[in-house]
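Good morning, colleagues. Please look at the model on the screen while I go through its interior, its charged pairs and its surface.

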Amino acid sequence: MSLLSLDKAVRDAFSDAFPVLLSVLRAVAQRAWRTATGPVTDIWTLPELPMRMPPSALGALLLDSLLGAVQEHVSMGDYVSADVLMRVFGETAEPVWAMVGRWMKDGMPVREGGSQAGGPLGGLDDEFFVEDNELPLLDPDFWTDGFVLRTDDTGTELQKRTAVPAFLEGIAQSVLDAGKAVGLLRVLEIASLLDRDTPWMADWPSFTSIADSARLRRPTGDGEPLVSLPSTSTEELSQALRDAVWPHSSLAQETLQKVLVDDCDLMLHLSAIEDVCLMRRGDAMSHFVDVLFTKV
């Protein structure tokens, strides 16, 4: 086989996918390592330099850049490159998607005092878009500030955004809330309520399988057969991921809500607080003030 025929065979199979991947890596590396404004040529030398971007922000930037490249080539009709780039994007997104599954399955790690407890998850990966602020369980701000979506602080104040890939922004808050709910259920030692029909999160799908399910059938030209192409719209991909996350997220939060209302008598406590703060119970308010002044 001649070099020309080999070159043609590679281009027929991959089109411009390899040059595009190199271009994406150069652009991402230049932003991550904040190199000079000139083009990055030897990207393999950059890991020797100090990186200027957190791992979670770098992962989000890489995934957004890859998906942008896929969308660009689909719009140009270069379906061969788009398909190859989509496969690369899927493999790159798989680790983050696996982190989402572990977070929702195991729940947030909870500190009681100085120790770590509350599930097998342990510490969160630096590449995950959920951040642990290391607050103890009894901290009054634990539920709101203990675990939050990471922010990318590398830009200006106006450019600041969460370090969540664009295609996950629609489900990021649901994922965060579900992990919090499961973690609290594990701390209360009643997470077994989630195991109704099957073990909790036993059927978590891979990212590739979800992306493949969203593939479209489009014609390649007049009279030519249909080809299977990825659904590259961020909204369409987000919807497919939302459909995978929603059953688990809703079950976790419904279970926690049921425990708080039925087992912990949440409404009774709220009613008592309203009676005191709104002075609907004068005797209760008087007793509260007496206790308060006695302690002072």
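I begin with S238, which is buried because its relative accessible area is 7%; buried means under 20%, exposed over 50%, and partly exposed in between, with a 1.4 Å probe and protein chains only. Before going further, I should say that this is a predicted model, in which local features need pLDDT of at least 70 and side-chain atom pairs count only at pLDDT 80 or more, while totals for chains, interfaces and linings use all residues. Residues are numbered from 1 along each chain as its sequence is written, and side-chain values use heavy atoms, with hydrogens and water left out.

S238 lies in helix α8; helices (H or I, at least four residues) and strands (E, at least two) are DSSP runs, numbered from the N terminus. Leaving aside neighbours within four places in sequence, S238 is in contact with A166, F167 and I171, where contact means heavy atoms within 4.5 Å.

One of these partners, F167, brings us to the interior. F167 is among the residues with the most contacts inside the largest nonpolar core, together with W97, W103 and F129, and this core has 66 residues. A nonpolar core here is a set of buried Ala, Val, Leu, Ile, Met, Phe, Trp, Tyr and Cys residues joined through side-chain atoms within 4.5 Å. Two or more residues come from each of α2 (17–33), α3, α4, β4 (147–149), α6 (169–187), α7 (207–213) and α8 (234–263). Helix α4 gives the most, with 11 residues.

Just ahead of α4 is D78, in the loop between α3 (55–75) and α4 (79–106). D78 counts as buried, because its relative accessibility is 16%. Its side chain makes a polar contact of 2.7 Å with that of S81; such a contact is a pair of N or O atoms within 3.5 Å, one able to donate a hydrogen and the other to accept it, and residues adjacent in sequence count only if both atoms are side-chain atoms.

I turn now to charged pairs. How many salt bridges does the count come to? The count is 2, with a salt bridge taken as a side-chain nitrogen of Lys or Arg within 4 Å of a carboxyl oxygen of Asp or Glu. In one, D83 meets R87 at 3.7 Å, N to O; these residues are 4 apart in helix α4, and therefore separated by about one helical turn. In the other, K258 meets D262, also at 3.7 Å, N to O.
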